[in-house]
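Dear colleague,

Please find below the structure that I am handing over to you. My findings follow directly after it.

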Amino acid sequence: MNSPDFEHYWMPFTANRSFKESPRLVVSAKDMYYTTAEGKQVLDGFATLWCVNAGHCRPKIIERITRQIAHLDFASSFSLGHPLPFELARRIAQLAPEGLDRIFFTNSGSEAVDTALKIAMAFHRHRGEGTRQCFISRERAFHGANVAGTSLGGLPVNRHPFSVMLPRVDHLRHTQNLARSAFSRGLPAEGADLAAELENRIIPLHGSGNIAAVIVEPVAGVGGVLIPPEGYLKRLREICDRHGILLIFDEVITGFGRLGKPFASQYFGVTPDLITFAKGITSGAVPMGGVIVKRGIYDTFMQPANKGVEFPHGYTYSGHPLACAAALGALDTYEEENLFERVNGIAQYFEDGVHSLRGLPNVIDTRNLQLLGAVEFARRPGTITRSAEVSRKCWERGVYVRALGDAIGFCPPLIIEKKHIDQMFGTVADVLRTVS
Ligand SMILES: Cc1ncc(COP(=O)(O)O)c(C=O)c1O
């Protein structure tokens with residue numbers, strides 16, 4: 001294949017100059033593997049970007065999209081409908097936790113987060129509590145790259161260039177505690193008490209009547225795969241309930257089977273008021289996101305006094321036919337191949353793989369939950385993190401895993417088999433022995 005002209009494309013979240021000096025290009029993909037421009041097979045150990053839950057180029061998804069593009073390429077959902085988003089919303093509602101069965105579609109996780117915030121604000125206003133405009137997230141959170149997500153985000157590198165964006169946001173402490181919980185298998189036993197900070201510090205500071213919602217990733221992904229301590233999410237739920245604050249789970253990563261249930265909410269047995277989703281809904285094939293809303297919240301918007309357009313919000317491509325087709329193909333694949341349930345069968349082998357890295361040079365933590373995992377390295381001076389070096393060397397040896405700060409994250413497609421797990425962790429282990 002001829003090499004493209006690299007000059008004009010400004011790549012997102014990428015060191016453009018170093019990429020363009022030594023590009024990594026993939027040209028096709030199937031199931032668990034990419035094929036690179038040089039014809040090499042690379043195992044996708046990260047579902048590309050936490051997305052490809054069904055694996056690459058799956059037939060049901062291809063078939064649905066192909067049929068759809070020839071049939072109805074585009075119809076908007078602004079006061080004009082087409083059947084697919086209705087059908088898709090019904091399917092998502094069937095998978096969602098009890099009581100959350102109203103679905104708003106966006107094109108990405110970032111838009112889903114913006115949408116959830118606007119729903120929360122408007123909901124409170126409709127109930128006569130318009131002072132509730134403050135949002136609480138967490139250190140090391142990632143909630144997308146839009147203005148709202150950047151403000152809510154808790155990763156310093158993503159915030160510093162932009163200063164303050166949304167004015168009324170505060171952050172809870174993150175839940176990682178290596179001194180107490182390094183090398184935990186599954187949920188760390190200690191740390192649920194961290195949730196008390198919401199009630200002891202944040203609520204008194206801002207006033208409970210001013211807080212619209214708390215938003216958390218059930219498992220913080222981009223921040224390094226931080227597994228919540230046992231009981232932590234339940235405590236957050238209880239505190240939010242006591243103070244009339246909405247709880248939003250950002251399930252852009254954990255939604256659609258990552259933890260062996262449709263949503264992390266069901267895995268943890270904690271029901272939020274709103275769930276944001278994206279990525280796995282189409283298994284990455286076409287951009288799509290959305291918000292799953294508790295029925296009572298939706299009903300508040302539909303009260304008689306709120307005439308006309310009940311929620312003046314949406315995107316040109318909300319409920320786009322191709323995205324819906326891809327999503328229906330993905331949901332069919334998940335269902336027919338029992339992929340969510342499959343996670344529960346393979347999770348122990350994956351866990352053993354993650355923790356097999358313990359004891360290798362510079363490893364200070366290994367952690368996992370279902371099909372999410374990470375290995376973290378001691379920080380070294382200089383600009384190139386160990387994780388960046390490990391990720392690059394793994395790629396050269398045919399395995400794609402992603403650097404997340406000082407950690408490497410593991411997030412494979414749900415179709416992963418034992419031989420792939422062996423390949424993934426075997427390669428990472430070999431590479432770790434070469435990194436000083
Ligand atoms: C938890 C979470 N929320 C939101 C987003 C943003 O999603 P998108 O990149 O589709 O806008 C991400 C992306 O990784 C995410 O991990």
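I begin with a single pair of residues: Val363 stands opposite Phe377, which belongs to strand 12. Please bear in mind throughout that this is a predicted model.

That pair sits where strand 11 and strand 12 meet. Strand 12 covers residues 372–377, and six bridges join it to strand 11, the two running antiparallel. Both belong to an open sheet of four strands, in the order 11-12-15-14, with antiparallel pairing. Strand 11 (363–369) and strand 14 (402–404) each have a single partner strand, so one side of each is left without a neighbour in the sheet. From one strand to the next, the twist averages 25 degrees.

Two helices lie across this sheet. Helix 14, residues 339–355, lies across strand 11, strand 12 and strand 15 (407–410), and its direction is at about 170 degrees to strand 11. Helix 15, residues 386–396, lies across strand 12, strand 14 and strand 15, and runs at about 175 degrees to strand 14.

There is also another open sheet to consider. Its four strands follow the order 1-2-3-13, and the pairing is mixed. At its edges are strand 1 (26–30) and strand 13 (399–400), each of which pairs on one side only. Strand 1 is joined by four bridges to strand 2 (residues 33–36), and these two run antiparallel. Within that pairing, Ala29 has Tyr34 of strand 2 as its bridge partner.

As to the domains, the domain assignment of the protein gives two entries: domain 1 consists of 16–54 + 337–432, and domain 2 of 64–336. Their centres, taken over C-alpha atoms, are separated by 26 Å. Where they meet, 33 residues of domain 1 are in contact with 29 residues of domain 2.

Which elements give two or more residues to the side of domain 1 that touches domain 2? They are helix 2 (47–50), helix 14, strand 11, strand 12 and strand 15. Helix 14 provides the largest share of that side, with eight residues. By residue type, the side of domain 1 that touches domain 2 comprises 16 nonpolar, ten polar and seven charged residues. Helix 14 thus appears twice in this account: it lies across three strands of the sheet, and it gives eight residues to the side of domain 1 that touches domain 2.

With kind regards

Key. Residues numbered from 1 in each chain as written. Predicted model: local features only at pLDDT ≥ 70, side-chain atom pairs only at ≥ 80, totals over all residues. Pairing = 2+ DSSP bridges. Axes fitted to C-alpha atoms, helices over the stretch in contact; angles between N-to-C directions. Contact = placed C-beta atoms within 7 Å. Domains from an automatic or database assignment. Nonpolar A, V, L, I, M, F, W, Y, C, P; charged D, E, K, R; others polar.
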